[in-house]
Amino acid sequence: MEAVTGWWDDYFWGSMIVVQVFFFSLILMVLFGLIGAAMKLSNSKIAQKIAGGYTVVFRGTPEILVILLLYFGSAITLTAIAQIFNPEIKFLDVPPIWAGTIAIALIVGAYATETFRGAFQGVKPGSIEAARALGMSNLQTFIYIRIPEMWRLALPPFGNHMLSLIKDTALISIIGLNETLFVASQAISTTGKPFTMYLVVGAIYLGFSTIITLSVMGAEKFGERTTVGAR
Amino acid sequence: MNFDLTLIWDSVPRMLAGIGITFQLMALSAFLGMILAVILLLMRLSGKWYWSWPAQVFIYVFRGTPILVQIFIIYYGLPQLDFVRESILWPILREPFGCAIVALSLNTGAYVSEILRGGVLGVDRGFLEAASALGLKAHQKFIYITTPIAARLALPAYSNDFISLMKATSLASTITLMDMTGWRRLLRPTRYLFH
């Protein structure tokens with residue numbers, strides 16, 4: 001283990017990049033999921049078709065393919081556009097961190113779409129009828145009845161989506177993001193100890209997964225404790 | 001920008017050859033993973049802590065880390081250890097294909113074991129009580145009552161995991177492809193440090 005000594009700070013900064021990617025992709029993932037669910041539940045046939053296509057494509061293709069396609073696809077397109085204005089430019093890309101963040105958010109967002117749709121449909125009709133009987137408007141019903149009931153239903157699968165997100169961040173190293181796997185490969189090229197270095201990466205990810213699992217368990221406890229009335 | 005359709009058409013035969021490898025990876029690791037999953041399941045259901053703890057730790061570790069890291073530890077990491085290079089498994093672990101099979105099997109085994117456990121726990125207690133009343137022994141109950149019902153309960157979740165496995169086979173390309181393209185890119189920054 002003494003080979004790792006000089007690399008702790010690099011691993012720390014690599015982990016910070018993992019955290020950064022995780023949080024931004026989490027926000028985008030929730031956004032994509034909610035938009036997708038809203039489209040699937042809307043009355044518009046076109047919106048339903050678009051959202052259906054989105055979930056089929058992103059749930060059916062390998063994560064690494066989406067990341068590579070998004071990064072190199074956008075780079076080729078950007079380069080082509082830039083060359084119209086300035087033929088000197090050889091290569092122009094979206095920074096790997098953003099291409100990767102958007103790619104994994106799109107992938108897990110497709111799963112989240114299905115989760116949110118199911119959770120919104122799982123809201124009991126009785127609750128909504130009760131809200132109507134109390135004279136609540138549509139907006140009030142949405143905020144006070146649908147959302148609180150829906151997030152409790154969506155939480156367990158949502159925890160799994162967060163685990164997928166944190167594990168998918170490892171794939172972004174393939175397009176050259178300097179996160180923990182990248183740090184490990186640098187460390188290996190000087191120390192020649194691949195087993196030790198990759199084991200550290202595994203331990204870091206295990207730590208992140210544990211934190212997420214424990215937070216979701218805490219949130220579920222909170223959800224159960226604050227559920228008012230009969231179930 | 002040159003978006004060349006003929007290029008796509010020309011590379012179809014090579015991609016078809018790749019599909020063959022994908023199917024081999026998928027079938028072999030699904031089979032080995034299922035055997036591992038059943039072993040892990042029996043370890044967890046045994047009720048003995050010295051059987052169930054190792055299984056739980058295995059599942060926790062393999063579900064909590066990215067499969068890419070697992071593939072890298074097995075392919076790039078294990079040769080660091082002398083006893084691995086001298087063991088009889090070395091001919092398998094030397095090849096990217098063998099490493100991919102090992103990594104995917106271990107990974108899918110951990111996931112499928114949890115799915116099967118969900119199925120077993122979902123079996124109605126009434127069936128087991130009825131079986132006991134008919135005088136079936138513990139292993140008979142497991143084979144004739146629990147297994148068929150649990151298999152049906154676990155099937156939808158298993159199909160999802162099978163799709164995940166299929167998608168994960170694409171990661172096998174990283175341990176061969178990385179040698180050619182990505183690896184150079186990863187190593188370049190460190191080269192500058194020493195020049």
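Visitor: How many salt bridges are there between chain B and chain A, and how do you know?

Guide: Zero. This is a predicted model. To count, a Lys or Arg side-chain nitrogen must lie within 4 Å of an Asp or Glu carboxyl oxygen. The count between chain B and chain A is zero, so no pair across the two chains passes that rule.

Visitor: What makes the two chains count as being in contact?

Guide: Heavy atoms within 4.5 Å make a contact. By that rule, 32 residues of chain B touch 37 residues of chain A. The buried area is about 2800 Å², and carbon and sulfur atoms give 71% of it. Polar contacts are present as well: eight residue pairs, with both residues at pLDDT 80 or more.

Visitor: Which helices of chain B supply the side that touches chain A?

Guide: α3 (49-64), α4 (67-77), α9 (138-168), α10 (172-180) and α11 (182-194) of chain B each supply at least two residues. α11(B) gives the most, with seven. By class, this side of chain B has 21 nonpolar, eight polar and three charged residues.

Visitor: What makes A:Glu114 and A:Lys40 a salt bridge?

Guide: Their side chains meet at 2.5 Å, N to O. The cut-off is 4 Å, so the pair qualifies. Over all chains, the count comes to five salt bridges.

Visitor: Why is this pair said to tie parts together?

Guide: A:Glu114 lies in helix α4 (residues 96-121) of chain A, and A:Lys40 lies in helix α1 (residues 8-41) of chain A, so the pair links parts that are 74 residues apart in sequence.

Visitor: What makes up the secondary structure of chain A?

Guide: Eight helices and zero strands. From the N terminus, the elements run α-α-α-α-α-α-α-α. The C-alpha atoms of chain A fill a box of roughly 70 × 50 × 25 Å along the principal axes.

Visitor: Why is the group with B:Phe31 called a nonpolar patch?

Guide: B:Ile21, B:Leu28, B:Phe31, B:Leu32, B:Ile35, B:Ile39 and B:Phe97 form the patch, with about 610 Å² of accessible area together. Members need over 30% relative accessible area, and nonpolar side chains are joined within 5 Å. Ile, Leu and Phe are on the nonpolar list, so the name fits.

Visitor: Which helix gives the most to the nonpolar patch?

Guide: Helix α2 (residues 12-45) of chain B, with six residues. B:Phe31 is found in that helix.

Technical notes: Residues are numbered from 1 along each chain as its sequence is written. Chains are lettered from A and ligands numbered from 1 in the order in which they are written. Side-chain values use heavy atoms; hydrogens and water are left out. Buried area is the accessible area (1.4 Å probe) that two parts lose on being put together, summed over both. A polar contact is a pair of N or O atoms within 3.5 Å; within protein, one must be able to donate a hydrogen and the other to accept it, and residues adjacent in sequence count only if both atoms are side-chain atoms. Helices (H or I, at least four residues) and strands (E, at least two) are DSSP runs, numbered from the N terminus. Ala, Val, Leu, Ile, Met, Phe, Trp, Tyr, Cys and Pro count as nonpolar, Asp, Glu, Lys and Arg as charged, and the others, Gly among them, as polar. Patches are made of residues with over 30% relative accessible area and no salt bridge: like charges are joined within 9 Å, nonpolar side chains (Val, Leu, Ile, Met, Phe, Trp, Tyr) within 5 Å. Accessible areas come from the Shrake-Rupley method with a 1.4 Å probe; for residues, only the protein chains shown count as cover.
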